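This report describes the fold, the core and selected residues of a single protein chain. The sequence and the structure are shown first, and the description follows.

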Amino acid sequence: VLLALALYAAGDDRGIRLPAVLILVGTVLFSGSIYLLVLSPQRWLGPITPIGGLFLIAGWVSLISLTSNGSR
């Protein structure tokens with residue numbers, strides 16, 4: 001998704017910063033917390049996983065909003 005956003009930004013002058021940041025943060029929090037839960041005994045990381053999922057959902061919603069505004 002981040003590669004597609006970079007290619008999209010190269011051909012269009014609209015900003016893609018918000019969807020890119022949300023998806024990046026969501027991926028790091030979601031996947032990173034799952035990896036750390038599996039590889040370490042730290043259980044406090046469990047509640048971070050859904051927060052990462054929310055960032056991913058927000059990134060997709062902002063991406064849909066960005067693309068739907070451009071078609072009008």
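The radius of gyration of the chain is 15 Å, whereas a compact globule of 72 residues would have a value near 11 Å. The model is a predicted one. Along the principal axes, the C-alpha atoms of the chain fill a box of roughly 50 × 20 × 10 Å.

**Overall architecture**

The chain contains 3 helices and 0 strands, and its pattern along the sequence reads α-α-α. Of the 72 residues in the chain, 24% are buried. The chain exposes about 5,000 Å², and carbon and sulfur atoms supply 74% of that area. Among contacts with a separation of 6 or more, 51% join residues that lie 24 or more positions apart.

**Helix 2 and the nonpolar core**

Does the length of helix 2 agree or disagree with its number of residues? With 1.5 Å a residue, its 23 residues should span 33 Å, and the end C-alpha atoms are 32 Å apart, which agrees. The buried residues of this helix are Pro19, Ala20, Leu22, Ile23, Gly26 and Ser33.

Two of these names, Ala20 and Ile23, recur in the largest nonpolar core, which has 6 residues: Leu5, Ile16, Ala20, Ile23, Leu63 and Leu66. Helix 2 (17-39) and helix 3 (48-70) are the elements that give two or more residues to this core. Once neighbours within four places in sequence are left aside, Ile23 is in contact with Val1, Leu2, Leu5, Leu56, Gly59 and Trp60.

**Ser33, a buried polar position**

Ser33 is also placed in helix 2. Its relative accessibility is 3%, so Ser33 counts as buried, the cut-off being under 20%. Which side chain does the side chain of Ser33 meet in a polar contact? The partner is the side chain of Thr49, at 2.7 Å. Thr49 also appears in the contact list of Ser33, which, with neighbours within four places in sequence left aside, consists of Val28, Leu45, Ile48 and Thr49.

**Residues with greater accessibility**

Three further residues, one from each helix, are treated together here: Ala6 lies in helix 1 (residues 2-11), Val21 in helix 2 and Ile57 in helix 3. Ala6 has a relative accessibility of 43% and therefore counts as partly exposed. Val21 is likewise partly exposed, because its relative accessible area is 44%. For Ile57 the value is 53%, so this residue counts as exposed, the cut-off being over 50%.

For each of these residues, the table gives one partner, with the separation along the chain and the distance between C-alpha atoms.

| Residue pair | Separation in sequence | C-alpha distance |
|---|---|---|
| Ala6 and Ala20 | 14 residues | 8.6 Å |
| Val21 and Leu39 | 18 residues | 26 Å |
| Ile57 and Leu37 | 20 residues | 22 Å |

Ala20, the partner of Ala6 in the table, is a member of the largest nonpolar core and one of the buried residues of helix 2.

**Summary**

The predicted model is a chain of 3 helices with a radius of gyration of 15 Å. Its largest nonpolar core has 6 residues, with helix 2 and helix 3 each giving two or more of them. In helix 2, the buried residue Ser33 makes a side-chain polar contact with Thr49.

Methods. Residues numbered from 1 in each chain as written. Predicted model: local features only at pLDDT ≥ 70, side-chain atom pairs only at ≥ 80, totals over all residues. Heavy atoms only, no water. Core = buried A, V, L, I, M, F, W, Y, C linked by side-chain atoms within 4.5 Å. Buried < 20%, exposed > 50% of the residue type's maximum accessible area, 1.4 Å probe, protein only. Helix = DSSP H or I, 4+ residues; strand = E, 2+ residues; numbered from the N terminus. Contact = heavy atoms within 4.5 Å. Expected span 1.5 Å × (residues − 1). Polar contact = N/O pair within 3.5 Å; in protein donor to acceptor, adjacent residues only side chain to side chain. Rg over C-alpha atoms; globule rule 2.2 N^0.38 Å. Areas by Shrake-Rupley, 256 points an atom, 1.4 Å probe, with all protein chains shown as cover.
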